[in-house]
Amino acid sequence: MASNRGFQKKLLTWFKQNKRDLPWRRTRDPYLIWISEVMLQQTQVKTVLPYYERFVARFPDLQSLSQASESEVVAAWSGLGYYSRARNLHRAARAIVANGPGFPKEFSAILQLPGIGRYTAGAIASIAFGARYPVVDGNVRRFLSRYFGRALDESECWPIAQSLLPERNAGDFNQALMEIGATICKPDDPLCLLCPLSEGCQTKGRPLPGLRKSVPAVRQNMAMLALRKKEKFWMEDRGPEPELLRNLWCFPMQLGAEPADALARRLLARFGVRRAKQVGHFTHSIMKYRFQISLLSAAARGGTAGKGAWVHPRDFQEYPHSSLVKKAMRLVQNQ
């Protein structure tokens with residue numbers, strides 16, 4: 001441990017002076033830390049901030065979250081993506097309240113909650129309760145790989161992160177490690193001159209072969225229809241079956257590798273629509289997919305197809321939906 005004290009001191013001093021002022025860093029409430037950590041999975045801090053504020057205002061504690069319906073929780077999450085996170089939060093809140101008396105303090109018990117893995121359990125246990133458990137995410141793995149001069153697998157990072165932990169202040173140390181990976185040791189153009197640990201770094205900004213693996217997005221086309229009846233729009237409940245936008249409410253859509261015009265014709269035929277107005281084109285990424293979207297608008301002529309409802313824009317927020325549909329709704333309302 002003595003050999004790591006210099007590393008620990010430099011990192012903790014840097015963190016104290018340079019950490020970002022984030023709302024979840026102003027508390028040791030495990031509930032609020034849990035919400036932030038789940039939101040931050042695969043999502044950048046700047047994106048999470050407004051969602052976090054709204055979500056905890058709507059569900060300020062375990063009791064309020066557990067008493068809500070799943071639909072209410074997913075609606076409050078709408079636009080943040082990866083909606084299984086919201087459903088697991090809801091399931092976990094109900095499990096915690098049922099078992100009582102409060103948020104579990106032991107790492108092993110936290111790890112048993114739905115949607116929580118080793119990283120999230122370690123973050124909650126160390127930050128909220130001061131327990132000496134490490135964290136390894138993409139930022140930490142990148143930093144450790146560069147610092148030690150070889151592309152480390154995640155499995156190799158865990159024992160290294162554990163060995164670096166100080167006896168006290170494990171929560172601050174873990175946050176500091178994540179922070180330096182996010183703000184200094186960036187994927188591209190790391191800010192090595194600002195790094196407090198550059199002296200011991202084995203790469204000092206030089207590329208490290210094998211560290212970054214990029215997977216090209218799967219490109220597809222999508223036609224989307226804003227079907228109007230007076231002031232309301234037809235919204236479809238996607239249900240549990242589709243790979244994309246599962247259990248969310250959306251404008252009717254048709255997607256695939258076919259040209260956008262062909263997809264649009266098939267979509268309009270579903271609703272007996274002969275003419276539609278072209279609202280616009282835009283791109284949107286969902287998981288591994290990159291969609292080129294053609295947005296159409298038309299007045300309803302006949303019946304509707306599938307499970308859904310006519311929704312007024314003022315009630316739109318009450319339905320669980322994705323940022324894709326929010327973007328499309330803005331375009332339709334501004335046409």
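In this predicted model, Leu295 touches Met224, Lys277, Gln278, Val279, Gly280, Phe282, Ala328, Leu331 and Val332, once residues up to four places away in sequence are set aside. Leu295 sits in strand 6, which spans residues 289-299. With a relative accessible area of 0%, Leu295 is buried, because the cut-off for that class is under 20%. One of its partners, Gln278, is 17 residues away in sequence, and the two C-alpha atoms are 6.3 Å apart in space.

Two further partners of Leu295, Ala328 and Val332, lead on to helix 13. This helix covers residues 323-333, and its buried residues are Leu324, Val325, Lys326, Ala328, Met329 and Val332. Lysine thus appears in this list beside nonpolar residues, in the form of Lys326. At the start of helix 13, Ser322 places a side-chain oxygen within 3.2 Å of the backbone nitrogen of Leu324, and Leu324 is itself among the buried residues of the helix.

Turning to the nonpolar interior, the largest core holds 96 residues, and Trp34 and Ile35 have the most contacts inside it. Beyond its neighbours within four places in sequence, Trp34 is in contact with Leu62, Leu65, Leu89, Ala92, Ala93, Phe103, Ile116 and Ile124. A second core, separate from this one, comprises twelve residues, including Ala223, Trp234, Ala264 and Leu267.

Helix 6, made of residues 84-99, also contains Asn88. Asn88 has a relative accessible area of 18% and is therefore buried, given the limit of under 20%. The side chain of Asn88 makes a polar contact of 2.9 Å with the side chain of Arg91. Farther along the sequence, Asn88 touches Pro114 and Gly115, with residues up to four places away not counted.

The backbone offers a few details worth a look. The peptide bond joining Gly100 to Pro101 is cis, and its omega is near -5°. Pro101 belongs to the loop that connects helix 6 with helix 7, the latter covering residues 107-111.

Two residues other than glycine have positive phi values: Lys230, near 60°, and Leu245, at about 55°. Both are loop residues, with Lys230 between strand 1 and strand 2 (232-237) and Leu245 between strand 2 and strand 3 (249-250). Their surroundings can be set side by side. Lys230 has a relative accessible area of 81% and so counts as exposed, the threshold being over 50%. Leu245, by contrast, is at 9% relative accessibility and is therefore buried, under the 20% limit.

At the surface, Leu191, Leu193 and Leu194 form a nonpolar patch, and together these three leucines have about 350 Å² of accessible area. Leu193 is found in the loop running between helix 11 (170-183) and strand 1 (218-229). Because its relative accessibility is 88%, over the 50% threshold, Leu193 counts as exposed. The leucines described here thus include an exposed example in Leu193 and a buried one in Leu295, at 0% relative accessible area.

Conventions:
Residues numbered from 1 in each chain as written. Predicted model: local features only at pLDDT ≥ 70, side-chain atom pairs only at ≥ 80, totals over all residues. Heavy atoms only, no water. Patch = residues over 30% accessible without salt bridge, like charges linked within 9 Å, V, L, I, M, F, W, Y side chains within 5 Å. Areas by Shrake-Rupley, 256 points an atom, 1.4 Å probe, with all protein chains shown as cover. Salt bridge = Lys/Arg side-chain N within 4 Å of Asp/Glu carboxyl O. Helix = DSSP H or I, 4+ residues; strand = E, 2+ residues; numbered from the N terminus. Buried < 20%, exposed > 50% of the residue type's maximum accessible area, 1.4 Å probe, protein only. Polar contact = N/O pair within 3.5 Å; in protein donor to acceptor, adjacent residues only side chain to side chain. Contact = heavy atoms within 4.5 Å. Core = buried A, V, L, I, M, F, W, Y, C linked by side-chain atoms within 4.5 Å.
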